[in-house]
Amino acid sequence: MSNTYRNDKDLELLRYADNEMLSILVKYLTIDKDGTTRFTETLTGDKQFKAAQGNYQQVWQLIAGELQHFGGDTLVNLFRRSGVKYREILIDVCKKLSIKTDYKAGIVDIEQALLAKLFKDSWEKISETEREQLRKELKIDPSLTSSAALAAIITAIRVGGLMSYQIAMIVANSVAKALLGSGLTIAANAGLARVIGLFAGPIGIAVTVLLAIPAISGPAFRVTLPSVVQIAAMRQQMLNSEETIF
């Protein structure tokens, strides 16, 4: 029997999410860093989950409940039979990464702050030639300095829109490649597909390092960090559904 789902407006998007995007989230919840099934997961043994045969939209509440449990204290969860809501999980991840943002803001704003942090960290690890390639694909003014271009991108991420979606998919793809060995299968033009590949290494390395820091990276954090990145990308995909062809 899977973990009990608590009604959570910030996880309702899973009901409508792309099945491939959901499959990545399921892997984060069920597969350990060594490729084996997580000892604490409950999804793969659930009759309803197995009956769905990979149609994850049918069992989105089971998936959401699993994430909520990873986000809560294990001993407390045993007594209340449910975990914590997504906002609490997201804020916990952001605070562990020392992200400065308004934690009373809307859920999209907090997710965008997380994406901006991961993108900024990777920007500092790539060459100027690689930065120019990204700026070209994102249509950033070529006359801007590197720091000004980064500031423009970060601002665009926080404002939302097509560029925010593009960055979300770049980050989510990079995390999936680093932790699962394969990225997202997404429709992209050749130019942006190269950029997605370009950032896979730097972002993947940054996330891998974060997950290895003992002070912040307990077993739950190794699940919640990639999971909230994936959910943030799903939300951007839905918010920009009319513009998601790169």
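This is a short conversation about how labels are assigned in a predicted model.

Reader: What should I keep in mind about the model and its numbering?
Author: Residues are numbered from 1 along each chain as its sequence is written, and side-chain values use heavy atoms, with hydrogens and water left out. The model is predicted, with local features needing pLDDT of at least 70 and side-chain atom pairs counting only at pLDDT 80 or more, while totals for chains, interfaces and linings use all residues.

Reader: How many helices and strands does the protein have, and what makes a run count as one?
Author: Happily, that is quick: there are eleven helices and zero strands. A helix is a DSSP run of H or I with at least four residues, a strand is a run of E with at least two, and numbering starts from the N terminus.

Reader: Why is Gly-204 called buried?
Author: Buried means under 20% relative accessible area, exposed means over 50%, and partly exposed is in between (1.4 Å probe, protein chains only). Gly-204 has a relative accessible area of 4%, so this residue is buried. Gly-204 sits in helix α10 (residues 190–210), and its C-alpha atom is 5.3 Å from that of Ser-174, 30 residues away along the chain.

Reader: What makes Tyr-5 and Trp-60 an edge-to-face pair?
Author: Good one! Rings of Phe, Tyr and Trp (its six-membered ring) pair if their centres lie within 6.5 Å; planes under 30 degrees apart are stacked, over 60 edge-to-face, and the rest tilted. By this rule there are three aromatic pairs. In one of them, the ring centres of Tyr-5 and Trp-60 are 5.4 Å apart and the planes stand at 70°, so the pair is edge-to-face. Because Tyr-5 is in the segment before α1 and Trp-60 in helix α3 (residues 60–71), the pair ties together parts 55 residues apart in sequence. Both rings belong to buried residues, with relative accessibility at 14% for Tyr-5 and 5% for Trp-60.

Reader: And why is the pair of Phe-119 and Trp-123 called tilted?
Author: Their ring centres lie 6.1 Å apart with planes at 40°, so the pair is tilted. The two are four residues apart in helix α6 (residues 107–123), and therefore separated by about one helical turn. Phe-119 is buried at 0% relative accessibility, as is Trp-123 at 2%.

Reader: How do you know that Gln-53 and Ser-98 are exposed?
Author: The same cut-offs decide it. Gln-53 has a relative accessible area of 75%, so this residue is exposed; for Ser-98 the value is 60%, so exposed applies there too. Gln-53, in the loop between α2 (47–51) and α3, has a positive phi near 50° without being a glycine. Ser-98, in the loop between α5 (86–96) and α6, is not a glycine either, and its phi is about 55°.

Reader: What makes a residue of the second largest pocket's lining nonpolar, polar or charged?
Author: Ala, Val, Leu, Ile, Met, Phe, Trp, Tyr, Cys and Pro count as nonpolar, Asp, Glu, Lys and Arg as charged, and the others, Gly among them, as polar. The lining thus divides into eight nonpolar, two polar and five charged residues. Asp-32, Lys-33 and Arg-222 are among the residues nearest the pocket's centre, and by the definition Asp, Lys and Arg are charged. Helix α9 gives the largest share of the lining, three residues.

Note on methods. On a 1 Å grid over the protein atoms alone, a cavity is a set of points where a 1.4 Å probe fits but cannot get out, and a pocket is an open set with protein on both sides within 12 Å along at least five of seven lines; lining residues have an atom within 4 Å of a point.
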